[in-house]
Amino acid sequence: MTAIKHALQRDIFTPNDERLLSIVNVCKAGKKKRNCFLCATVTTERPVQVNVVKVKKSDKGDFYKRQTAWALRDLAVVDAKDAVKESPEFDLHFDKVYKWVASSTVEKNTFISCIWKLNQRYLRKKIDFINVSSQLLEESVPSGENQSVAGGDEEAVDEYQELNAREEQDIEIMMEGCEYAIANAEAFAEKLSRELQVLDGANIQSIMASEKQVNILMKLLDEALKEVDQIELKLSSYEEMLQSVKEQMDQISESNHLIHLSNTNNVKLLSEIEFLVNHMDLAKGHIKALQEGDLTSSRGIEACTNAADALLQCMNVALRPGHDMLHAVKQQQQRFSDLREQFARRLASHLNSVFVQQGHDQSSTLAQHSAELTLPNHHPFHRDLLRYAKLMEWLKNTDYGKYEGLTKNYMDYLSRLYEREIKDFFEVAKIKMTGTTREGKKFATLPRKESAVKQETESLHGSSGKLTGSTSSLNKLSVQSSGNRRSQSSSLLDMGNMSASDLDVADRTKFDKIFEQVLSELEPLCLAEQDFISKFFKLQQHQSTSGTTTNEVEEVDGVALSRSYTSGVPQTVSSEKDMIRQMMTKIFRCIEPELNNLIALGDKIDSFNSLYMLVKMSHHVWTAQNVDPASFLSTTLGNVLVTVKRNFDKCISNQMKQMDEVKISKKSKVGILPFVAEFEEFAALAESIFKNAERRGDLDKAYIKLIRAVFDSVEKVANESQKTPRDVVMMENFHHIFATLSRLKISCLEAEKKEAKQKYTDHLQSYVIYSLGQPLEKLNHFFEGVEARVAQGIREEEVSYQLAFNKQELRKVIKEYPGKEVKKGLDNLYKKVDKHLCEEENLLQVVWHSMQDEFIRQYKHFEGLIARCYPGSGITMEFTIQDILDYCSSIAQSH
């Protein structure tokens, strides 16, 4: 073990300036035995650091390496396992418990004893040594003696000490004096011993020489001690004197503390009393206002409002801990509760009577609006009630039950009042639409039910042909000859000096104004009531800035309706907005059905009214949604807009259906088909109505559907026509359609306009070719034979050698068509074309000019064949192109 200890000191600890004091060969308990060494070491430099180092042999050789080191100050417990029975096991408690098994009990005991001594000398730290024999632990001794003992033990433990640098230097100096010629070590040792004795003698002599000085020093020390004793006596007397002063000062300090404590308590008590008096004392004037205040005058309402606010502040004061235990505070709180209950009951009763009274007063003014299409103004009513707005807010915050009851009562009274006003208002609107008045009856005194209005409207509808729309409207779409149309139009002129179309325009303009006035009256009425409800009942009408609003567009029957969704808004804001909508819905529950009835009446009077209603309603919905997409007005108008859009779609569908079911007269020529003229009327009317309208897209879709139906119906009628050639029907009607689209400049129908022009051109050419036919029939047959021979391979200049097509045969055929015959044939053709074409479209000259061009083309073709197949023959037609132009011009002028 000594050799190992020397090797560890040399190889591991000396390079780190450490000294190895104790070593024990151990292995970990309970594991496969791999031996290592625990070493107790101290550093050679100060301050001294004491460590426990774990050293193990390297796996790659016979040298040792340092594995782990623990500072002795981190050691908490040394457990020897058994103080009586010898055991090689022991535990060291550092940051965790390390269990070891020593190779022998002696080594374990020596190591634990060294640990105990190092702790006593360097650390003085309380390390618990448990299950350790008392013989291993030395008794505690004074520090000087302990150090000497520890030093002696350390020397005993340390059997081998290396020389330090100073010792090595001294030995080298001595050896230099001997010139390193130490042949006999014993002689060298004796020499050193003699020199040491000489030095000891010199030291003794020096000590003896300094004895006199020592005696003098001792005397001085004795005198100093006497002076110290005198000073201590004086200090003791001073201390006794100060002790009495200290006792007196302590008594004074205690008395001052009690006085300060009393003052502090008085200040705190005064503060608490002032707090309660200032915050829980209601002025007598406020109490009187709450109990007897006048709720009918503005001054009384203001006094009650101030008193209610003061009462609310007193009741909502935040009491400090312990205040609620005071009897006076409890009494005051009970008094406040009684005042609140009494005033809330008085306020609710008064407001209920105001609602009833205002309802009666408003009903008495209905007679003023009996003959006018206006709604009564509720502004005075709102103005009077808004004086109570702050009191309503107070009631909402203090007694929500009574607040809710007032809300319900207001909705009940106002819903009945508005229902009477709105129904009478719509009855006036319906009467103005139908153009009739009540005979000998006053509107305000004899309000009639909706069924009576419907019966009167139906009777008016049956008696007046005007209520069903004009004969030129799409509701009466039919195919008639131009003569029949003119006769029907003339029969309608008996109604006045205006024409039928003028009457239609006048009625529709009148309806448009009435419908616009209805919406214009309803809109401010609803907005004013909603604004009043929000202010009077203190409900949040607009979303707070902390939330974000998402508008989503939902399409119902082709109608885009905005829906509002709020995110990040407090729940109270959303619930109050819902409450506004619910109140508005109950108060104005009759608006939507009345509007639907009015729309149904307008559609029944004239289906074209749906165009006006769609534009007006769309504009008002758009305006309402810009103000508040989720408001009652926006929602109601949006629902009604869906109905209007359905009526509009139904109107378009009916026109298409009637076009599909059209039947034509077999005895008269067709001319311009009525539904073509009706489309022109519809398009002109729609363009004037939808100018700058928000819902132009709906009209464009209807245009596409209608124009396709018109195209299909024209072709169908043309195919079924017996009196008028198909090409004439197609040519005239598509020319009319093209002219209409060109004049109106409808951007969405550009493709249809080009298609109509193409159809008109194609059928014009077809009719010209078909009607003109072969005016020089024999000449045509002759040249057809010539062209057939050429097609068979005979050269053109050799055709004249054919027997059937020689020059003589050609001259015979040409002589049969002198100019007089040609003019006669053209005159008959002109009369035929005149019979086919109608006067409305005025295409006779266009067709005649096209026939003239076609005839000239045939003439030039014949001349070309003569020039090529009969060159040099001198054969020519008996009339010239100029003759043809003269014939056509004279025929056109004569007719």
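**A walk through the predicted model**

At 16% relative accessibility, Asp399 counts as buried, where buried means under 20% relative accessible area, exposed means over 50%, and partly exposed lies in between (1.4 Å probe, protein chains only). This is a predicted model, in which local features need pLDDT of at least 70 and side-chain atom pairs count only at pLDDT 80 or more, while totals for chains, interfaces and linings use all residues. Residues are numbered from 1 along each chain as its sequence is written, and side-chain values use heavy atoms, with hydrogens and water left out.

Asp399 has a salt bridge to Lys402, at 3.1 Å from N to O; the term requires a side-chain nitrogen of Lys or Arg within 4 Å of a carboxyl oxygen of Asp or Glu. Side chains of opposite charge can pair when their charged atoms come close. Lys402 is partly exposed, with a relative accessible area of 22%. A network of salt bridges links these two residues with Glu341 and Arg345.

The protein as a whole has 895 residues, 41% of which count as buried. It contains 28 helices and 10 strands, taken as DSSP runs and numbered from the N terminus (helices are H or I with at least four residues, strands are E with at least two). About 50200 Å² of the protein is exposed, and carbon and sulfur atoms supply 51% of that area; accessible areas come from the Shrake-Rupley method with a 1.4 Å probe, and for residues only the protein chains shown count as cover. Among contacts between residues at least 6 apart in sequence, 70% join residues at least 24 apart, a contact being heavy atoms within 4.5 Å.

Next comes the sheet. Eight strands make up an open sheet with mixed pairing, in the order E4-E3-E2-E1-E7-E6-E5-E8; two strands pair if DSSP finds at least two bridges between them. Strand E4 (64-71) and strand E8 (128-130) are at the edges with a single partner strand each, so one side of each has no neighbour in the sheet. From one strand to the next, the twist averages 30°.

Within this sheet, E1 and E2 are antiparallel and share eight bridges. Ser22 has Ala40 of E2 as its bridge partner, and Ala40 also stands opposite Val52 in E3. E2 and E3 run antiparallel, joined by six bridges, and form a hairpin with six residues between the two strands. Another pair across this hairpin is Phe37 with Val55 of E3. Strand E3 (residues 50-57) then pairs with E4, again in the antiparallel sense, over seven bridges. Here Val53 is opposite Ala69 in E4, and Lys54 is opposite Thr68 in E4.

How many of the eight residues of E2 are buried? Eight of the eight are, so E2 is largely enclosed by the rest of the structure. Cover is present on both faces of E2: Cys36, Leu38, Ala40 and Val42 are buried on one side, and Phe37, Cys39, Thr41 and Thr43 on the other. For E3, seven of the eight residues are buried, so E3 too is largely enclosed by the rest of the structure.

Two helices accompany these strands. Helix H1 (residues 2-13) lies across strand E1 (18-28), strand E2 (36-43), E3 and E4, and runs at about 115° to E1; axes are lines fitted to C-alpha atoms, for helices over the stretch in contact, and angles run from 0 to 180 degrees between N-to-C directions. Helix H2 (residues 105-123) packs on the sheet, and its direction makes about 140° with that of E1. The strands touched by H2 are E1, E2, E3, strand E5 (77-79), strand E6 (89-93), strand E7 (97-102) and E8.

After E8, Leu136 sits in the loop leading to helix H3 (143-157). This residue is partly exposed at a relative accessible area of 21%. Apart from neighbours within four places in sequence, Leu136 is in contact with Asn109 and Ser113.

The charged pairs return at the end of this tour, with a count of 26 salt bridges. One of them joins Arg10 and Asp11 at 3.2 Å, N to O; Asp11 is partly exposed at 46% relative accessibility. Another joins Arg581 to Asp578, with the closest N and O atoms 2.1 Å apart. Both of these residues belong to helix H16 (residues 571-587), where they are three residues apart, about one turn of the helix. Arg581 is partly exposed at 25% relative accessibility, and Asp578 is partly exposed at 29%.
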